[in-house]
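Welcome! Take a moment to look over the sequence and the model below, and then let us walk through it together.

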Amino acid sequence: MQETMLILHFLGLAMGLGTSFGFMFLGIAGAKMEKADRLKFQLNAMGLSRMGHIGLTLLVISGTVLMAPYWSVLPSSPVLIAKLVLVLVLGALIGIITSIGKKAMLGNPEEQLTKIQPLGKIALLTGVAIVVLAVYFFR
């Protein structure tokens, strides 16, 4: 069971963090386009966010199971607490980004997509920080 959860956890990590990296590279590619083409490209690329949502869901479900032996030591583990807090922050960021993305689909995409860029960078850094803290704690 633990091996299955670990596999799901790593798949979720690949999907979740991969989405952030994917959006970063798509942003670089989009920056080289004309404004009208860039907006259409960015709106079409928003479909990639579904992969990130699935990845985060896999991470949370499998992570909750994998944490079973560690819940008792949580109060005395500041690194683990920081990691879990960053997971909550990442979830909030993804929720905000998703909300803004839906608004972009409904209208005024240029303004809405501009709001997503800094949040996406923060989400990427948060994801990397979570991985670093997990490696540090579980090594």
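## A pocket to start with

Which helices each supply at least two residues of the lining of the second largest pocket? They are helix H3 (49-66) and H4. H4 gives the largest share of that lining, with 4 residues. Keep in mind as you read that this is a predicted model.

The second largest pocket has a volume of about 170 Å³. Its lining is made up of Leu43, Met46, Gly47, Ser49, Arg50, His53, Thr98, Gly101, Lys102 and Met105. Sorted by class, the lining holds 5 polar, 3 nonpolar and 2 charged residues.

## The overall picture

Stepping back, the protein chain has 5 helices and 0 strands. Read from the N terminus on, its elements run α-α-α-α-α. Taken along the principal axes, the box filled by the C-alpha atoms is roughly 55 × 25 × 25 Å.

The protein chain has 139 residues, and 29% of them count as buried. If you take the contacts between residues at least 6 apart in sequence, 75% join residues at least 24 apart. One pair that is distant in sequence is Met24 and Lys121: they are 97 residues apart along the chain, and their C-alpha atoms are 7.8 Å apart in space. Met24 belongs to helix H1 and is partly exposed, at 34% relative accessibility.

## Two sides of helix H2

Helix H2 covers residues 35-45, and its buried residues include Leu39, Gln42, Leu43 and Ala45. Why can these be said to line one face of the helix? Seen down the axis of H2, the buried residues fall within an arc of 160°, so they line one face.

What do the buried residues of H2 pack against? Their partners are helix H1 (2-31), H3, H4 and helix H5 (109-138). On the other side of H2 you will find Ala36, Lys40 and Asn44, which are exposed. Leu43, one of the buried residues of H2, also appears in the lining of the second largest pocket.

## The nonpolar core

How many residues does the largest nonpolar core have? There are 15, and those with the most contacts inside the core are Leu90, Ile97, Leu113, Ile116, Leu119 and Ala123. H2, H4 and H5 are the elements that give two or more residues to this core. H4 provides the largest share, 6 residues. As a general background, nonpolar side chains in soluble globular proteins tend to be buried together.

Ile97 is a good residue to look at here. It is found in helix H4, and with a relative accessibility of 16% it counts as buried because that value is under 20%. Beyond its neighbours within four places in sequence, Ile97 is in contact with Ile116, Leu119, Gly120 and Ala123. Ile116, in turn, touches Met46, Ile97, Ile100 and Gly101, again not counting residues up to four places away in sequence. For a contrast in distance, the C-alpha atoms of Ile97 and Phe137 are separated by 29 Å, with their positions 40 residues apart along the chain.

## Where H4 meets H5

Asn108 sits in the loop between H4 and H5. Its phi is near 55°, which is a positive value in a residue other than glycine. Most residues other than glycine have a negative phi. Is Asn108 buried or partly exposed? With a relative accessible area of 43%, Asn108 is partly exposed.

A few places further on is Gln112, in helix H5. Gln112 is buried, with a relative accessible area of 10%. Residues up to four places away in sequence aside, Gln112 touches Ile100, Lys103, Ala104 and Gly107.

## A look at Ile81

Our last stop is Ile81, found in helix H4, which spans residues 78-106. Ile81 counts as partly exposed, at 34% relative accessibility. Its contacts, leaving aside neighbours within four places in sequence, are with Leu74 and Pro75. Ile81 and Leu133 are 52 residues apart along the chain, while their C-alpha atoms are separated by 9.7 Å.

Methods: Residues numbered from 1 in each chain as written. Predicted model: local features only at pLDDT ≥ 70, side-chain atom pairs only at ≥ 80, totals over all residues. Heavy atoms only, no water. Buried < 20%, exposed > 50% of the residue type's maximum accessible area, 1.4 Å probe, protein only. Contact = heavy atoms within 4.5 Å. 1 Å grid on protein atoms, 1.4 Å probe; cavity = no way out; pocket = protein on both sides within 12 Å on 5 of 7 lines; lining within 4 Å. Points joined across faces, edges and corners; volume = space filled by probe spheres on them. Nonpolar A, V, L, I, M, F, W, Y, C, P; charged D, E, K, R; others polar. Arc of directions from axis to C-beta. Core = buried A, V, L, I, M, F, W, Y, C linked by side-chain atoms within 4.5 Å.
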